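Q: Please take a close look at a single part of this model and explain it step by step. Then follow the links from there to other parts of the chain.

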Amino acid sequence: MVIVDNALKARQERGRPIRVGMIGAGFMGQGLTNMIVNSTPGMSVVGIYNRRVERAVKIYEYSGLTDAVVANTQSEVEDAIAAGRPVATEDAFLLARSEHVDVLVDVTSSVEFGAHIILEAFKHRKDVVLMNAEVDATIGPILQVYADKYGVIMSPCDGDEPGVQMNLYRWVKGLGLTPRVIGNVKGLQDPYRNPTTQKGFAEKWGQNPAMVTSFADGTKISCEQAIVANATGFVVKSRGMSRGLEYRDDVMKIGSLYDIDEVRSLGGVIDYVVGTPLTKVYCLAEHNDPKQQHYLNLYKMGEGPLYSFFIPYHLVHFEVPSAIARVVLFRDALARPLSGPVVEVCAIAKRDLKAGEILDDYGMYMTYGEAVNTPEMSEKQYLPEGLVEGCKLLRDVKKDAVLTYADVELPPNRLADRLRAEQYRHFRNETWLEDLVSAPVAG
């Protein structure tokens, strides 16, 4: 949205910048803070939360701000921001409640913690922009219900794959075409990668090995595609999508991978491939007007029936300020769920798992995630990848088997479990998960 730049300039000229509170001070939070501080008029980062508050202070310093205040109470946060001083805190709820914060940006990958902070922000009438695909893919539809209840906006971000795909999808629809495939492109797919194998790459770029692992093992792209599915109604052809199918030919011919009658019958599909040159996301669409088909052919789009539209890059934190401005100034959510979940992400055993083991988090050593249509997810009671951490195995699970709720004992009293159960009841009129979550812990 090119109009965003002028809207932000107007805010700058009026001395009313959008006040951003950032939840998380990792690699992306660092880049985003630097972007806003040094390259985005009409916007300011007024507060950063991190469990280690010194890391939040370091991010301000990285961006050229050396006067950050470490705040531990609500009054300290309010006084510092009112005085024009950036705040660093190890209490995220202080930013969620602050009257001097307009929007929270969640730059974590936590589902449970994210759920608490997002709901707190909603209660205090704050919009939320998510760089947290995991929470969105796991409980995004029910969180949208709460956003509507409080009259606020929840949205993924520009720059990251869900936002980039939805921008392309909306643009293609605006041209009068009917999208049928929305695809993502990876450079690598190996479900058995772990933080040890990814350590060197992570250290080279200053990233978290677990996060890098979630990219390599397919979990992250599954979450991203679930968000797009829930915003479009598109489905996966089968669990796991194309599972690392390599396509290194011309992106203009990528439609050859798909059967037009099949994708029409499904309404539309989400997918991903590996290795396509000069492509980050693609949208395949058809046009039912022969006159427009003639023009599309003239404009070097080919003869159809699936015309290929694509974007060669995603610039992540460089474009997040655009999403923040779209949400706060234009009330535009980039990928609002149409209704309930359409596609979710189930947990798959990365190795043989033994009864009594406690599952680690996604991006670690024990599980990876695959996108699956919600009817299958519900019917077979699959365990979501976003909620694996802390679950205790009740029986052995073979490598590459899908974990189910029957395989584990859930950690007690998790908000995200209750929200997902509410999501199933609200949208699907199913109570089996609610009954399971509320059942007493064995022993």
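A: Helices and strands here are DSSP runs, a helix (H or I) having at least four residues and a strand (E) at least two, and they are numbered from the N terminus. A loop can then be placed by the elements on either side: S110, for example, sits in the loop between β5 (103-106) and α6 (112-123). The model is predicted.

The part to examine is helix α11, which runs over residues 219-232. Start with its length. With 14 residues at 1.5 Å a residue, α11 should span 20 Å, and its end C-alpha atoms are indeed 20 Å apart, so the expected and actual spans agree. Just after the helix, G233 takes a positive phi of about 85°.

Next comes burial. A residue counts as buried when its relative accessible area is under 20%, and as exposed when that area is over 50%; partly exposed lies in between. By this rule 14 of the 14 residues of α11 are buried, so the helix is largely enclosed by the rest of the structure. S222 is a residue of α11. Its relative accessibility is 4%, so S222 counts as buried. Which residues does S222 touch, not counting those up to four places away in sequence? They are M241, V345, G369, E370 and A371.

One of these contacts, E370, leads on to another part of the chain. E370 forms a salt bridge with R239, with an N to O distance of 2.6 Å. This pair links distant parts of the chain, since E370 is in strand β13 (residues 367-373) and R239 is in the loop between α11 and α12 (260-266), 131 residues apart. E370 has 9% relative accessibility, so this residue counts as buried. R239 has 23%, so this partner counts as partly exposed. Salt bridges that share partners also join D158, R170, R326 and D332 into one network. In general, side chains of opposite charge can pair when their charged atoms come close.

The whole structure holds 28 salt bridges. Another is the one between E161 and K280, at 3.2 Å from N to O. E161 belongs to helix α8 (residues 161-174), while K280 is in the loop between β9 (269-274) and β10 (281-286), so the pair ties together parts that are 119 residues apart in sequence. E161 and K280 are both buried. E54 and R52 form a further salt bridge, with their closest N and O atoms 3.7 Å apart. E54 has 45% relative accessibility, so E54 counts as partly exposed.

Helix α1 (residues 3-13) shows another pattern of burial. Its residues V4, A7, L8 and R11 are buried. These four cover an arc of only 95° around the axis, which puts them on the same side of α1. A general point applies here: an α-helix has 3.6 residues a turn, so residues three or four places apart point the same way. N6 and E13, on the other side of α1, are exposed. The cover over the buried residues of α1 includes β1 (18-23), β2 (43-49) and α14 (320-330). Just after α1, G15 takes a positive phi of about 70°.

The surface has nonpolar residues as well. F27, F201 and W205 form a nonpolar patch there, with about 320 Å² of accessible area together. F201 is in helix α9 (residues 199-205). At 45% relative accessibility, F201 counts as partly exposed.

Two loop residues complete the picture. S110 has a relative accessible area of 24%, so S110 is partly exposed. Leaving aside neighbours within four places in sequence, S110 is in contact with N132, V135 and Y362. S110 and N132 are 22 residues apart in sequence, and their C-alpha atoms are 7.2 Å apart. N429 is in the loop between α16 (415-428) and α17 (432-438). Its relative accessible area is 67%, so N429 is exposed. N429 and E203 are 226 residues apart in sequence, and 46 Å apart in space from C-alpha to C-alpha.

To return to α11: the helix has the expected span and is largely enclosed, and its residue S222 touches E370, the residue that pairs with R239.

Notes
Residues numbered from 1 in each chain as written. Predicted model: local features only at pLDDT ≥ 70, side-chain atom pairs only at ≥ 80, totals over all residues. Heavy atoms only, no water. Expected span 1.5 Å × (residues − 1). Buried < 20%, exposed > 50% of the residue type's maximum accessible area, 1.4 Å probe, protein only. Patch = residues over 30% accessible without salt bridge, like charges linked within 9 Å, V, L, I, M, F, W, Y side chains within 5 Å. Areas by Shrake-Rupley, 256 points an atom, 1.4 Å probe, with all protein chains shown as cover. Salt bridge = Lys/Arg side-chain N within 4 Å of Asp/Glu carboxyl O. Arc of directions from axis to C-beta. Contact = heavy atoms within 4.5 Å.
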